[in-house]
Amino acid sequence: MAAVHSPRCISHFTSFKTHSTTSYRSTPLPPPSLLHLHLRRHSSSPMASSSSDAAAAAEAPATGSSEPASDVLVQYVVLRRDLIDTWPLGSVVTQGCHASVAAIWSHKDDPHTIEYCSPTNIDSMHKVTLEVKGEVQLKNLSEKLTSNDIAHKLWIEQPENTPTCLASKPYPKSVVSIFFKKLKLCK
């Protein structure tokens, strides 16, 4: 793993750690003898090697945080698998970005959103990107969230009027994870 010794790679791993006063780039690296333990503790990076690693990363507690993993603030983004398989990847990613920003902006005065986007948390946001089979499943999920008072944005691409994805506003994981637990991680 030659890439492991790259300072850029290490700073990427540490970007998921919660820092109260400094940006993640100023965090000192652990001694080389402890590097493997450091990397293991910070395995929530997007460089997880498999879907089971990604699932474990999504469920892993934030290192250095005094609150339990179930209370970490998280935003869920749900994409349609049928579009992932037929649209250009950039177009699908853009849809997820639209929904994520719209959900946050629509709830910009919500205490959880304010905390999620605060200067001390901006470099350690938690998002989980999931997938549903198609439009019917996406609409059903949106209805389920609405009926349970879970604030979210169902993104409808215009002018086609096509529901493409949805994103929740930031919530404590213990409050919202139950509504998403049966969905697959997007890969």
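Here are a few friendly notes on this predicted model, centred on strand β1 and its surroundings.

1. Overall layout. The chain is built from eight helices and six strands. Following the sequence, these elements come in the order α-α-α-β-α-α-α-β-α-β-β-β-α-β.

2. Burial and surface. Of the 187 residues in the chain, 37% count as buried. The exposed area of the chain comes to about 10900 Å², and 59% of that is supplied by carbon and sulfur atoms. If you look at contacts between residues at least 6 apart in sequence, 74% of them join residues at least 24 apart.

3. Strand β1 as a covered element. I would start browsing at β1, where eight of eight residues are buried. As a reminder, side chains in a regular strand alternate between the two faces of the sheet. In β1 both faces are covered: L73, Q75, V77 and L79 are buried on one side, and V74, Y76, V78 and R80 are buried on the other.

4. The partners of β1. Strand β2 (residues 127-132) runs parallel to β1, and six bridges join the two; Y76 has V128 as its bridge partner there. Strand β4 (residues 162-168) is antiparallel to β1, with three bridges between them, and here L79 is the bridge partner of C165. Strand β5 (residues 171-172) also pairs with β1 in the antiparallel sense, over two bridges. In that pairing, L73 stands opposite P172.

5. R80, worth a closer look. This arginine belongs to β1, which spans residues 73-80. Is R80 buried or exposed? R80 counts as buried because its relative accessibility is 5%, under the 20% cut-off. The R80 side chain makes a polar contact with the side chain of D82, at 2.7 Å. Setting aside neighbours within four places in sequence, R80 is in contact with V132, G134, E135, L138, T162, P163 and T164.

6. C186, after the last strand listed here. C186 sits in the segment following β6 (184-185). With a relative accessibility of 25%, C186 counts as partly exposed. Not counting residues up to four places away in sequence, C186 touches L79, I84, T129, L130 and E131. L79 is also one of the buried residues of β1. How far apart are C186 and V77 in space, C-alpha to C-alpha? The distance is 9.5 Å, although the two are 109 residues apart in sequence.

Note on methods
Residues numbered from 1 in each chain as written. Predicted model: local features only at pLDDT ≥ 70, side-chain atom pairs only at ≥ 80, totals over all residues. Heavy atoms only, no water. Helix = DSSP H or I, 4+ residues; strand = E, 2+ residues; numbered from the N terminus. Buried < 20%, exposed > 50% of the residue type's maximum accessible area, 1.4 Å probe, protein only. Contact = heavy atoms within 4.5 Å. Areas by Shrake-Rupley, 256 points an atom, 1.4 Å probe, with all protein chains shown as cover. Polar contact = N/O pair within 3.5 Å; in protein donor to acceptor, adjacent residues only side chain to side chain. Pairing = 2+ DSSP bridges.
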